[in-house]
Amino acid sequence: MDIATAFGIVVGFFLVVGAILMGGAVDFFVNIPGLMIVLGGTFAAICVTCPLSEIWQAIQAAIKVFRNRKLSANEVVNTMVRIAEISRKEGLLALENVHTENAILKKACQLIADNADPTMISNSLRIEINSMKRRHLTSQEVFKKMSSYAPAFGMIGTLIGLIQMLARLDDPQSIGPAMAVALITTFYGAFLSNMLFLPLAGKLKSRSLQETLHLEIIFEGARSILENNNPRIVYETLSSFVAPSERRHER
């Protein structure tokens, strides 16, 4: 589980809700019509903008942000070095038995074990990397668009509230509460945009850059193994992806 993501969202909600509680009158911040306008409007707008398959893909990516443990570049480098050691000691065919949850690493090992043409392996891995980048960009764009729609629907809710308030100017006592209700939708839109949608889009971008780095390491590692480099040379090649202060060789 990614502790930083869960911590950030929980603390953000806690601080905002805590500030509301300290000011009293919590019921002023609960408005069902306002939620319908902002949440319902944002969801409707994103459905018009994007296919349902892309929305579902973005939701799944957001769930993975909370679940998946962050893998360091050093760990990926060491994995490729261990694979190089297996290749050198037991032959390329032994890579067929490498067990990993990374589908692209498994594919690279399988292609090497099958003694596939190096150019074909390079092209295949490069296509995988580009395809992954495209999928991740789609999920980021869904949340970026939602972050722009939410404040817009908050403003629409405010305008609706102001119109309703002006229609009851003959009752001065209703103006104050009506104005508060009108502004609450702006609060909902700004809160959802800045506390949920934009941070999720940013986290997905960060994860995408990280996974791209990992796949580049796998790509270069597979190429080094194909050139029959020894594990030490594979490590020296791949360690360039890691910051100098973090470089080490766990063999």
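This passage describes selected local features of a predicted model. Local features were accepted at pLDDT of at least 70 and side-chain atom pairs at pLDDT 80 or more, while totals for chains, interfaces and linings use all residues. Residues are numbered from 1 along each chain as its sequence is written, and side-chain values use heavy atoms, with hydrogens and water left out.

Helices are DSSP runs (H or I, at least four residues), numbered from the N terminus. Helix α5 spans residues 103-113. Its buried residues (under 20% relative accessible area, 1.4 Å probe, protein chains only) are Ile104, Leu105, Ala108, Cys109, Leu111, Ile112 and Ala113. These buried residues pack against α4 (73-90), α6 (118-166) and α7 (175-226). Contact here means heavy atoms within 4.5 Å. Just after α5, Asn115 adopts a positive phi of about 55°.

Lys145 lies in helix α6. Lys145 is partly exposed, at 28% relative accessible area; this class falls between buried and exposed, the latter being over 50%. Neighbours within four places in sequence aside, Lys145 contacts Ile46, Thr49 and Cys50. Thr42 and Lys145 are separated by 103 residues in sequence, yet their C-alpha atoms are 9.1 Å apart.

Cys50 is buried, with 5% relative accessibility. Cys47 is partly exposed, at 29%. The closest cysteine sulfur to that of Cys47 is in Cys50, at 8.8 Å, and this is too far for a bond. The converse also holds: for Cys50, the closest cysteine sulfur is that of Cys47. A disulfide requires a pair of cysteine sulfur atoms within 2.5 Å. By this rule, the model has 0 disulfides.

At the surface, Val17, Leu21 and Val26 make a nonpolar patch of about 240 Å². Patch residues have over 30% relative accessible area and no salt bridge; like charges are joined within 9 Å, and nonpolar side chains (Val, Leu, Ile, Met, Phe, Trp, Tyr) within 5 Å. A salt bridge places a side-chain nitrogen of Lys or Arg within 4 Å of a carboxyl oxygen of Asp or Glu. Areas were computed by the Shrake-Rupley method with a 1.4 Å probe; for residues, only the protein chains shown count as cover. Val17 belongs to helix α1 (residues 3-22). Val17 is partly exposed, with a relative accessible area of 42%.

Ser239 sits in the segment after α8 (231-238). Ser239 is buried, at 5% relative accessibility. The Ser239 side chain reaches the backbone oxygen of Glu236 at 3.1 Å.

Note on methods
Helix = DSSP H or I, 4+ residues; strand = E, 2+ residues; numbered from the N terminus. Polar contact = N/O pair within 3.5 Å; in protein donor to acceptor, adjacent residues only side chain to side chain.
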